[in-house]
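Student: Could you take me through one part of this model in detail? I'd like to hear about the nonpolar core and whatever sits around it.

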Amino acid sequence: MIFNFILYSGFAALVNILTGQVLYGFLGLSEGWQYSFSVSTAFIAGMAVSYFLNRRYTFHPSGRKMSREATDFFLVSIGGLVLTTGLARFLYFKTDLAEIGLSGVFPAFVTPEAFAHIAAVGTTAIYSFTAHK
């Protein structure tokens, strides 16, 4: 069960990051509110993948209605959405990522937008695991 959870949650995080990369990296939605929109939309895409894969392949039926399970999942996920978007926005707009050594540590394709997003997703994973537990 734990292997499936890690596998499917990791896949969901990848969907989250790649969706963000398409929005802020390729489509250029990286200024002001557009970056928040990109990260929020990416989070929702990853959250949907996580919910459906883990519900189908990881967790045994709880006996509760699917609507109740989904409600609980999405209520906890709202906190994750706020945390991910807020932290990514803070890291991207309020810190100088290049000044703290980003350029020498990560490959060139890891832009400041992507770094902030990845760091926020990683941090939120800790919150999400604890809250869903």
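Tutor: Sure. In this predicted model, the largest nonpolar core has 10 residues: Y24, Y35, V39, A88, L91, Y92, V110, A114, A116 and A120. Helices α2, α3 (66-94) and α5 each give two or more residues to this core. That fits a broad pattern, since in soluble globular proteins nonpolar side chains tend to be buried together. There's also a second, separate core of six residues, with F43, A70, F73 and L81 among them.

Back in the main core, A120 touches T84, L87 and A88, leaving aside residues up to four places away in sequence. Now for a polar neighbour: E113 lies in helix α5. E113 counts as buried because its relative accessible area is 14%, under the 20% cut-off. With residues up to four places away in sequence left out, E113 touches Y24, S30, Y35 and Y92, and Y24, Y35 and Y92 are members of the largest core. The side chains of E113 and Y92 are also joined by a polar contact of 3.3 Å.

E113 leads us over to α1, too: its C-alpha atom is 8.4 Å from that of Q21, although the two are 92 residues apart along the chain. Q21 is one of the buried residues of α1, along with others including Y8, I17, L23 and Y24. The cover over those buried residues includes α2 (33-57) and α5 (112-132). As for the helix itself, the 25 residues of α1 (residues 2-26) should span 36 Å at 1.5 Å a residue, and the end C-alpha atoms are 34 Å apart, so the two agree. After α1 comes G28, with a positive phi near 75 degrees.

Methods. Residues numbered from 1 in each chain as written. Predicted model: local features only at pLDDT ≥ 70, side-chain atom pairs only at ≥ 80, totals over all residues. Heavy atoms only, no water. Helix = DSSP H or I, 4+ residues; strand = E, 2+ residues; numbered from the N terminus. Expected span 1.5 Å × (residues − 1). Buried < 20%, exposed > 50% of the residue type's maximum accessible area, 1.4 Å probe, protein only. Contact = heavy atoms within 4.5 Å. Polar contact = N/O pair within 3.5 Å; in protein donor to acceptor, adjacent residues only side chain to side chain. Core = buried A, V, L, I, M, F, W, Y, C linked by side-chain atoms within 4.5 Å.
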